[in-house]
Amino acid sequence: MYTMKMQELDGPEARLADYFDVISGTSTGGLVTAMLTAPGKNNRPLFAAKDIKPFYLEHSPKIFPQQRSLSFINVVVSCMHLCLSLFIFLII
């Protein structure tokens, strides 16, 4: 939501990295940080915030492998943690 507002004000190429001097995180936060700050063409951030969720959902099982005994509840809690982390990151 905030990213869309930024893009309305500053154009479609606006990225969260344009507004912060330092972005950091660990585990999932580190992945999000890397995606938001990795340089692409013209030294602009390679990914937009809208790209994070689809990438994470597709690739996180390979990046963060879990034991086969994980229950459905643990998966839901992990997803909720990711969503909360992203929400907090976007509003700060």
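## A tour of rings, salt bridges and loops

Start by selecting Tyr56, which counts as buried, with a relative accessibility of 11%. Before you go further, keep in mind that this is a predicted model.

**Stop 1: the ring partner of Tyr56.** Keep Tyr56 on screen and add Phe64: the two form an aromatic pair, with 6.2 Å from centre to centre. The angle between their planes is 40°, and the pair is classed as tilted. Turn the view until you can see both rings and compare their surroundings. Phe64 is partly exposed at 25% relative accessible area, whereas Tyr56 is buried. The count of aromatic pairs in the structure comes to two, and this is one of them.

**Stop 2: a bridge between two loops.** Next, select Arg44 and Asp18. Their side chains form a salt bridge, and the closest N and O atoms are 2.8 Å apart. Which parts of the chain does this pair tie together? Arg44 sits in the loop between helix H2 (28–37) and helix H3 (52–63), while Asp18 sits in the loop between helix H1 (2–10) and H2, so the contact links parts that are 26 residues apart in sequence. Colouring the three helices makes this easy to follow. With the surface switched on, look at both ends of the bridge: Arg44 is partly exposed at 29% relative accessibility, and Asp18 is partly exposed too, at 37%.

**Stop 3: the other salt bridge.** The structure holds two salt bridges, so move along to Lys50 and Asp51. Here the side chains meet at 3.3 Å, N to O. Are the two residues buried or exposed? Lys50 is exposed, with a relative accessible area of 62%, while Asp51 counts as partly exposed at 24%.

**Stop 4: two backbone spots.** Now hide the side chains and look at the backbone. Select Ser27, in the loop between H1 and H2. Its phi is near 55°, a positive value in a residue other than glycine. Ser27 counts as exposed, at 52% relative accessibility.

Then go to Asn42, which you will find in the loop between H2 and H3. Asn42 is not a glycine either, and its phi is positive, at about 60°. Its relative accessibility of 69% makes Asn42 exposed.

**Last view.** To finish, show Asn42 together with Arg44. Asn42 lies in the loop between H2 and H3, and that loop also holds Arg44, the partner of Asp18 in the bridge you visited earlier.

Terms used:
Residues are numbered from 1 along each chain as its sequence is written. This is a predicted model: local features need pLDDT of at least 70, side-chain atom pairs count only at pLDDT 80 or more; totals for chains, interfaces and linings use all residues. Side-chain values use heavy atoms; hydrogens and water are left out. A salt bridge is a side-chain nitrogen of Lys or Arg within 4 Å of a carboxyl oxygen of Asp or Glu. Helices (H or I, at least four residues) and strands (E, at least two) are DSSP runs, numbered from the N terminus. Buried means under 20% relative accessible area, exposed over 50%, partly exposed in between (1.4 Å probe, protein chains only). Rings of Phe, Tyr and Trp (its six-membered ring) pair if their centres lie within 6.5 Å; planes under 30 degrees apart count as stacked, over 60 as edge-to-face and the rest as tilted.
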